[in-house]
Structure formats: C-alpha cells, structure tokens
Amino acid sequence: MDPALHALLPAAIQQSGVVKVASELDYPPVEYFDADGKTPIGAEIELGQAMAAKLGVKLEITNLDFDPTIPAITAGRFDTSMTYIGDKPAREQQVDFVDEFRSGYSIMVQKGNPTGVKTLADLCGKGVGSQVGAANTAIVEDQDAKCKAAGKPGINIVSTQSAADAVLALKSGRVAAHLEDAPVAAYIAATSGGGNDFDVVGDQVTIRNHGLIFKKENTQLRDAFQAALKAVIADGTYDAILKKYHVENIALKTAPINDPSTANDPTASATPS
C-alpha cells in the first residue's frame with residue numbers, strides 16, 4: 001500500500017477497505033473467469049488489482065452484464081466497473097471515466113492472409129463475418145457503402161449470432177475477414193491453434209479510449225484511481241500486464257479523465273463496446 005494514495009480515498013472506503021466492482025466476465029482477454037469458473041482474471045482485472053494494491057483496498061468483483069452497468073454505477077450499487085467500456089460523450093453525461101486503454105477494431109484474416117486484406121478498402125467484393133447488432137457491423141456497413149460509392153463491388157456481409165460464430169466462419173474460409181475488438185483479435189490470433197489459425201492485419205480502426213467508470217458525484221474515488229493508475233504505469237506493472245495477455249497494442253499511458261475519441265465514428269450510435 002502507498003499511504004499517500006490511500007489517503008486520497010473517500011473516508012468510507014478507507015474504513016471498509018473494499019471497492020465494489022461490476023465486471024462483465026465473459027470478455028477474454030480483458031476480463032473473464034479462470035478455468036475454475038469463479039475466479040476473475042484478465043488484463044483489466046489484474047490492472048484493477050494492481051491499482052487496489054497501491055490504494056490499500058480489496059476489490060469485490062461481481063459479474064454483471066454490459067447493459068445495466070452504467071445504471072448500476074449511477075444508482076450506487078457499485079463503486080466502479082471493469083467492463084472495457086468505451087469512453088463516449090453521451091456516456092460522459094451519465095458517468096465519469098478514468099481511461100485505461102486505447103483501442104478500436106482490428107481486421108482478422110486466416111493465417112498467412114491468403115486473400116491479401118490489409119485495409120478496410122480491401123474488403124470490397126469480399127465476404128466479412130459480422131455479429132448481428134454489434135458495433136463493428138456499423139463499420140463494415142459504412143465501408144460497404146464506400147465501396148459501392150467508388151464503383152467497386154460491395155462487401156458480402158455474412159451475419160452471425162455471435163462473435164464466436166464469425167470467427168468460426170473465418171477459420172473455415174466462409175469469409176475473408178472478420179472485424180473484432182482489438183484486444184480480443186490480438187488474443188485470438190496469439191492463442192487459437194497455438195497461434196497458427198489467424199493473423200491481425202493493418203491498423204486499428206475507430207479508435208477510442210476505454211476505462212473505469214464512476215458516479216458523477218464520486219470524484220474523490222475517481223481521482224484516487226487515476227492516481228493509482230498513473231503509479232502502476234510508472235512502475236512498469238501496466239506494461240507487464242498487457243504483455244502477459246498479448247494486448248500491448250491497447251496501451252494508453254496518460255490515464256486521462258473523460259477523454260473520448262469518437263470523431264468520424266460510424267459506431268457511435270450502435271451497440272456499444
């Protein structure tokens with residue numbers, strides 16, 4: 001525990017020694033259950049535990065679906081969340097963010113990139129797996145319109161009920177590419193088939209910050225966590241955790257408060273991430 005950081009906490013949390021956390025624990029490698037089905041692990045979980053150690057508190061983590069997370073924070077049921085929530089202006093009207101990561105979506109292809117996809121523009125005329133209702137679908141649809149406007153063949157959007165189904169469609173060769181959240185894409189590429197099933201190509205698209213959220217009135221706890229995040233960035237713990245989970249590409253080393261990045265974002269009104 002760092003006494004100076006501990007002193008930043010609200011008195012009630014200093015006394016209880018507990019921070020209540022909501023987390024959607026089905027999003028590897030960011031937050032998910034270990035093989036025992038009950039122990040929370042993942043990049044954001046370990047980062048949160050590192051911050052908690054600096055602050056001298058314990059995390060009480062509860063599995064909670066994504067959609068009710070913000071209402072649960074604003075209602076005071078939880079102190080913060082570890083659910084890889086994208087920082088968007090509309091959300092900042094409801095909660096405050098301490099941004100931990102910066103990422104967008106990555107293009108996944110079969111190992112060796114047999115169809116030569118490098119950018120979104122290369123998807124014109126090709127099949128792309130896309131989960132029904134997911135935010136990345138908006139990006140694919142936006143690019144499909146751009147392909148057609150340029151006089152090129154449109155994208156054959158193959159809709160699936162889950163992201164896992166879209167990944168399977170790519171693995172089987174039904175589609176040439178799949179757009180996936182950057183940390184998930186990096187993790188799948190590094191681990192699926194021992195790293196022999198997929199590649200991630202090109203630059204990330206629609207990049208924004210993601211982070212912890214706090215009730216608007218809870219500025220003292222927010223600022224304490226920001227200070228703790230800066231501390232684990234400075235001592236190298238942050239980099240070590242991201243490397244462990246193969247997600248160095250989502251690093252954000254400034255720990256800003258309420259700093260969205262949503263310019264020219266076709267996903268802004270779509271299902272969030």
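## Cores, helix packing and sheet

In this predicted model, the largest nonpolar core comprises 52 residues, and those with the most contacts inside it are L47, M51, L55, F225, L229 and Y238. At least two residues of this core come from each of β1, α3, β8, α7, α8, β12, α9 and α10. A second core, separate from it, has 17 residues, among them A135, C147, A177 and L179. Leaving aside residues up to four places away in sequence, L47 touches E100, F101, L229, V232, Y238 and I241.

The axes of α3 and α9 come within 9 Å and cross at roughly 105°; because angles of 65 to 115 degrees count as roughly perpendicular, α3 is roughly perpendicular to α9. On the α3 side, the residues that meet α9 are L47, A50, M51, K54 and L55, and their counterparts in α9 are A224, F225, A228, L229, A231 and V232. By class, this contact has 10 nonpolar residues, no polar ones and one charged residue.

Helix α9 also lies across β8 and β12, and runs at about 50° to β8. Both strands belong to an open sheet of six strands with mixed pairing, in the order β7-β12-β8-β11-β9-β10. Its edge strands, β7 and β10, each pair on one side only. At the β10 edge, β9 and β10 pair in the parallel sense over five bridges, and T160 in β10 is the bridge partner of Q131.

The residue ranges of some of these elements are as follows.

| Element | Residues |
|---|---|
| Helix α3 | residues 43-55 |
| Helix α9 | residues 219-234 |
| Strand β8 | residues 95-110 |
| Strand β12 | residues 198-215 |
| Strand β9 | residues 127-131 |
| Strand β10 | residues 156-160 |

How values were computed
Residues are numbered from 1 along each chain as its sequence is written. This is a predicted model: local features need pLDDT of at least 70, side-chain atom pairs count only at pLDDT 80 or more; totals for chains, interfaces and linings use all residues. Side-chain values use heavy atoms; hydrogens and water are left out. Two strands pair if DSSP finds at least two bridges between them. Helices (H or I, at least four residues) and strands (E, at least two) are DSSP runs, numbered from the N terminus. Contact means heavy atoms within 4.5 Å. Axes are lines fitted to C-alpha atoms, for helices over the stretch in contact, and angles run from 0 to 180 degrees between N-to-C directions. Angles under 35 degrees count as roughly parallel, over 145 as roughly antiparallel, 65 to 115 as roughly perpendicular and the rest as oblique. Ala, Val, Leu, Ile, Met, Phe, Trp, Tyr, Cys and Pro count as nonpolar, Asp, Glu, Lys and Arg as charged, and the others, Gly among them, as polar. A nonpolar core is a set of buried Ala, Val, Leu, Ile, Met, Phe, Trp, Tyr and Cys residues joined through side-chain atoms within 4.5 Å. Buried means under 20% relative accessible area, exposed over 50%, partly exposed in between (1.4 Å probe, protein chains only).
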